[in-house]
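Colleague: I've got a model open on my screen and I'd like to learn how to read it. Could you walk me through it?

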Amino acid sequence: MGSFQLEDFLAGWIGGAASVIVGYPLDTVKTRLQAGTGYGNTLSCIRTVYRRESVSGFFKGMSFPLASIAVYNSMVFGVFSNLQRFLSQHRCGEPEAASSGRSLSDLLLASVAAGLVAVGLGGPVDLIKIRLQMQTQPFREANFSPKPRAVALGEPPVYQGPVHCVVTIVRTEGLAGLYRGASAMLLRDVPGYCLYFIPYVYLSEWIMPEAQAGPSPCAVWLAGGMAGAISWGTATPMDVVKSRLQADGVYVNKYRGVLDCISQSYQQEGLKVFFRGVTVNAVRGFPMSAAMFLGYELSLQALRGDHAVTSP
């Protein structure tokens, strides 16, 4: 089989859809904790969102990510799998030796490429998701100098939906506005995907029985979940900065860039602000990534007609 395989992209789409459905409620909680105000901790945030917005508050803005994140995950997994396979085959010389000849450098380069693709495709998706999640969050006027516009609960939302959100951002901020926070996302996703794919590959190989030809679904679920918890837990500091930059602009523009966001956040809330949401990040990272990798591997198995799950 050649190095380029289209099935990786389709399987990545299926896995991406599964991860969005599983992880979205905690993703909303994570975003509110990092970019919002008035939430003491994770449980307090969950209670507040439920009391003010009911169950639907946890799924605010999910339709757009469900459609788009699945596509962007398709590209991320397709690029990682195909590039890693190409690098291994190029180094080993024989296609059959590629799966057993993977090196850390192959995985590292493929993970970096996947991170770059994630930022390029996922930046606007993440921005719109966060804007829709945050538009019911009241902001403290006293902290902002540039024409703040406080919004009381119960007033009409700024964005009527994903399409209206895109149109509004482009009209008010230009096309570049869709990539607000892209620098912070780059600093989060490039190392983040290295700590996502590499632990998954090695953990799944370590967990699976020696006699088995490929990782079992149980090994995929466990390795994927652990890789997600590691990746999201370590990515939290830059995830906080990214969330704040992308939420900035729903009502006001407070930050001038990544360094300004880091500086203001540290001055106002101390070092602990960069670890806000680390617990919910790690906790949601496990089921999201477990669903992602399991959906990917099982779909790949079905598409290829294999009897053993094949690691990316």
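Modeller: Let's go through the overall layout, a helix pair, a couple of residues and a cavity. Keep in mind that this is a predicted model.

Colleague: How many helices and strands are there in the chain?

Modeller: The chain has 11 helices and zero strands. Reading along the sequence, you get α-α-α-α-α-α-α-α-α-α-α.

Colleague: And what percentage of the residues is buried?

Modeller: A residue is called buried when its relative accessible area is under 20%. Here that covers 54% of the 312 residues in the chain.

Colleague: Now a helix pair. At what angle do the axes of H3 and H5 cross?

Modeller: Roughly 165°, with the two axes coming within 8 Å. An angle over 145 degrees counts as roughly antiparallel, so H3 and H5 are roughly antiparallel to each other. Their crossing is right-handed. As for what sits in the contact of H3 with H5, the residues divide into 20 nonpolar, five polar and three charged.

Colleague: Can we zoom in on one residue? Is Val-76 buried or exposed?

Modeller: Val-76, in helix H3, is buried, because its relative accessibility is 0%. You can also look at what it sits across from: its C-alpha atom is 8.9 Å from that of Ser-111, although 35 residues separate the two along the chain.

Colleague: What about loops? Where does Ser-54 lie?

Modeller: In the loop between helix H2 (42–53) and H3. Check the backbone there: phi of Ser-54 is near 65°, a positive value in a residue other than glycine. For accessibility, values between 20% and 50% mean partly exposed, so Ser-54, at 39%, is partly exposed.

Colleague: Last one, then. How many cavities of 30 Å³ or more does a search of the whole structure find?

Modeller: One. A cavity is a space where a probe fits but cannot get out. This one has a volume of about 480 Å³.

Colleague: Which residues lie nearest the centre of that largest cavity?

Modeller: Tyr-72, Tyr-193, Trp-232, Arg-284 and Met-288, out of 27 lining residues. By class, the lining has 12 nonpolar, seven polar and eight charged residues.

Colleague: And which helices supply at least two residues of the lining?

Modeller: Helix H1 (7–35), helix H3 (63–92), helix H5 (104–134), helix H7 (182–207), helix H8 (217–234) and helix H11 (278–304) each do. So the pair we looked at, H3 and H5, turns up again in the lining of the cavity.

Notes:
Residues numbered from 1 in each chain as written. Predicted model: local features only at pLDDT ≥ 70, side-chain atom pairs only at ≥ 80, totals over all residues. Heavy atoms only, no water. 1 Å grid on protein atoms, 1.4 Å probe; cavity = no way out; pocket = protein on both sides within 12 Å on 5 of 7 lines; lining within 4 Å. Points joined across faces, edges and corners; volume = space filled by probe spheres on them. Helix = DSSP H or I, 4+ residues; strand = E, 2+ residues; numbered from the N terminus. Nonpolar A, V, L, I, M, F, W, Y, C, P; charged D, E, K, R; others polar. Axes fitted to C-alpha atoms, helices over the stretch in contact; angles between N-to-C directions. Parallel < 35°, antiparallel > 145°, perpendicular 65-115°, else oblique. Left-handed = near helix turned anticlockwise from the far one by under 90°. Buried < 20%, exposed > 50% of the residue type's maximum accessible area, 1.4 Å probe, protein only.
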